[in-house]
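Thanks for making the time, everyone. Let me put the model up on the screen, and then I will walk through how some of its parts are packed together.

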Amino acid sequence: MSSFLHQRPIHNPLSNPYPLSPRSSSSSQRSFSLFSPTALLLLLSLLVLLGVFLPWAGVPDGIFSSVKPSITKWRHYTLSQAASFVARNGNGTVIVCAVSQPYLPFLSNWLISISRQKHQDKVLVIAEDYATLYKVNELWPGHAVLVPPAPESQTAHKFGSQGFFNFTSRRPRHLLQILELGYNVMYNDVDMVWLADPFPYLEGNHDVYFTDDMAQVKPLNHSHELPPPGKKGRTYICSCMIFLRPTNGAKLVMKKWIEEMQEQPWSKTKKSNDQPAFNWALNKTAGEVGLYLLPQAAFPTGGLYFKNKTWVQETKSMHVIIHNNYITGFEKKIKRFREYGLWLVEDHADESPLGRLGD
């Protein structure tokens, strides 16, 4: 994945909207009293102004908050409420992403591609800071929720950093909670672009669907079984595109994923991330859970799509979701998307449910 709000000035209720002229000011000061016409006019003006601003008084952030009161109500919006709202639009399916403020342009880019496939109403944005929560719900009410506690940093985390681990390690808990509510859930990183509808590819009635993160070319008719382990004793499945049904098997994988990350926390010597733990969870539950490897031609890793031009030409009409991984750095990802005509926010921002973020 991978770095991008105006306030009406509050009129001073104590200022006099009808200033006295210099010639009359001295005499007026001498005759000023509580029941004078001037005082009554000032009192009336103050009451009118208070009537305008009084609805703000109950807002937790206060009357002088930099966030509008119509937005701060989302602070108490729960994942259960949000998932229920979105699942009604999505016939029981929720498409989830997790986003912090620097990644809002990537979120919008991803949403444009989903909107083209008519699935945007299924999307639930799990905001990882309050700025993102407020911004998304201001522009697209009900589609963002924050699950406390929010990570402290609002910067674009570098892959392999502790901040990146803290950010991604929350993912299986969010997914498990949505499964416990009884919904199907698809997770995407927002450095993805949809070129076609992925749902027809979710064949059968398996518990967990996922993609291979290896760049080696597979046969078009490759097996949909969990691939064999690699050199490190585990598979190399991508944790960035997952579809789960609300089954005991899918819940078991999420619980195991959480356990694996607790056993392998981030440290300066071992810069863990969530993906190895996801693979261990799949490997250790494979005999108990229905697993399905999605077709490589439809869901290629970035190490294949962006680096093997011959393969891309041979499979041109088969691509469904493109993942901009195998590259680190916010600007580098944008540059690569631009080069391949996949950075949509500049020319097609109006297609995003968020509109033009800078407007």
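Helix α8, residues 171-180, packs against α9 at an angle of about 155°, with the two axes 9 Å apart; axes here are lines fitted to C-alpha atoms, for helices over the stretch in contact, and angles run from 0 to 180 degrees between N-to-C directions. The two helices are therefore roughly antiparallel to each other, given that angles under 35 degrees count as roughly parallel, over 145 as roughly antiparallel, 65 to 115 as roughly perpendicular and the rest as oblique. Before going further, I should say that this is a predicted model, in which local features need pLDDT of at least 70 and side-chain atom pairs count only at pLDDT 80 or more, while totals for chains, interfaces and linings use all residues. Residues are numbered from 1 along each chain as its sequence is written, and side-chain values use heavy atoms, with hydrogens and water left out.

The helices and strands I name are DSSP runs numbered from the N terminus, helices being H or I over at least four residues and strands being E over at least two. Where α8 meets α9, the residues on the α8 side include R171, L175 and L179, and those on the α9 side include M254, W257 and I258; contact means heavy atoms within 4.5 Å. By class, this contact has 9 nonpolar, 1 polar and 5 charged residues, where Ala, Val, Leu, Ile, Met, Phe, Trp, Tyr, Cys and Pro count as nonpolar, Asp, Glu, Lys and Arg as charged, and the others, Gly among them, as polar.

Helix α9 also meets α10, residues 274-285, and there the axes come within 8 Å and cross at roughly 130°, which makes α9 oblique to α10. The contact is made by residues including L252, V253 and W257 of α9 and, from α10, F278, W280 and L282 among others. By class, the contact of α9 with α10 has 10 nonpolar, 1 polar and 4 charged residues.

Now to the sheet, which is open and has 7 strands in the order β3-β2-β1-β4-β7-β6-β8, with mixed pairing; two strands pair if DSSP finds at least two bridges between them. Its edge strands are β3 (144-146) and β8 (291-293), each of which pairs on one side only. Neighbouring strands of this sheet are turned by 30° against each other on average, with direction ignored. Helix α5, residues 104-115, packs on the sheet and touches β1, β2 and β4, its direction making about 155° with that of β1, while α9 packs on the sheet as well, touching β6 and β7.

How is β1 placed, enclosed or not? Of its residues, 7 of the 7 are buried, so β1 is largely enclosed by the rest of the structure, buried meaning under 20% relative accessible area, exposed over 50%, and partly exposed in between, with a 1.4 Å probe and protein chains only. Both faces of β1 are covered, with T93, I95, C97 and V99 on one side and V94, V96 and A98 on the other. Strand β1 runs parallel to β2, joined by 5 bridges, and V96 stands opposite L124 in β2. With β4, the pairing of β1 is also parallel, over 4 bridges, and V94 stands opposite V185.
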